[in-house]
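Hi everyone, thanks for coming. Let's have a look at a model together and talk about the empty space inside.

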Amino acid sequence: MKKAIVAPSVLAADFSRFTDAVREAQEAGAEWVHFDIMDGSFVPDLTFGPKVIADLRHQTSIVFDVHLMVIHPEAFIERFVQAGADNITFHWEATVHTHKLLSTIRAAGKRAGISIVPSTPVSVLETVLPDLDIVLVMTVNPGYGGQTLIQGCLDKVKQLVHIRETRHLDFLIAIDGGVYDENIRTVCDAGTDIIVTGSAFYNAPDKRTLVRTWAQAAPLTEAKSLR
Ligand code: DX5
Ligand code: ZN
């Protein structure tokens, strides 16, 4: 059976213990760990920068999935490449140069992703879909963990599944925000490949079971190889 990727977001972990947060993700069987970079401008809060990624990179080979919630992401791509990110996802709403940024990320040998906030339709991605590896559909308004999933955003996942099939593309579809045991079935039925989880994962008493059961609930794009 194909499995989804569960990507714990360290946003919900103890920021004084990043090493433990990454280790917990790895020990639970997660294949990716998700880093939310916030600039206090694109979103209200601030988190951390590339040095945290670089320092953690020495400790583990787990896939580092970096989500840039920053305006002018072009200013930071090279820093996160150098820091050791494996995937770099920026927001469509934060730059006009989406195609150029995707090319830069791919040229560095990284997976390139674009994220869209709840009010942004899938249609804005029409021309760049062949040039990206991940579409990250925000299922909450970005900026905070622990919010409620906006159900209507799952329609965007279904649209992307349809487009991927009809246009013979092979990007991965990720969702981010508000996923819990109570809605995992709906999330997976929509066609999600990558499930980002902050609160549910770091508050789970049995993280290994969470990763195993959530991963089994979703289909994964066969065309993509994931390490
Ligand atoms: C929200 C972040 C998410 C966040 C999800 O702006 O992009 O990655 O950590 O957290 P939960 O799972 O708590 O909604
Ligand atoms: Zn995120």
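First, a term: on a 1 Å grid over the protein atoms alone, a cavity is a set of points where a 1.4 Å probe fits but cannot get out, and its lining residues have an atom within 4 Å of a point. Grid points are joined across faces, edges and corners, and a volume is the space filled by probe spheres set on the points.

This is a predicted model, where local features need pLDDT of at least 70, side-chain atom pairs count only at pLDDT 80 or more, and totals for chains, interfaces and linings use all residues. Residues are numbered from 1 along each chain as its sequence is written, chains are lettered from A and ligands numbered from 1 in the order in which they are written, and side-chain values use heavy atoms, leaving out hydrogens and water.

So how many cavities of 30 Å³ or more does a search of the whole structure find? Two. The largest has a volume of about 220 Å³. Its lining has 24 residues, and Tyr 144, Gly 145, Asp 176, Gly 177 and Gly 198 are the closest to its centre.

The second largest cavity is about 40 Å³ in volume. Among the residues that line it are His 34, Asp 65, His 67 and Thr 89. Strand β3 (63-69) gives the largest share of that lining, three residues; strands here are DSSP runs (E, at least two residues), numbered from the N terminus.

Now the sheet: eight strands form an open, parallel sheet in the order β1-β8-β7-β6-β5-β4-β3-β2, where two strands pair if DSSP finds at least two bridges between them. β1 (5-8) and β2 (32-38) are at the edges with a single partner strand each, so one side of each has no neighbour in the sheet.

Terms used:
Helix = DSSP H or I, 4+ residues; strand = E, 2+ residues; numbered from the N terminus. 1 Å grid on protein atoms, 1.4 Å probe; cavity = no way out; pocket = protein on both sides within 12 Å on 5 of 7 lines; lining within 4 Å.
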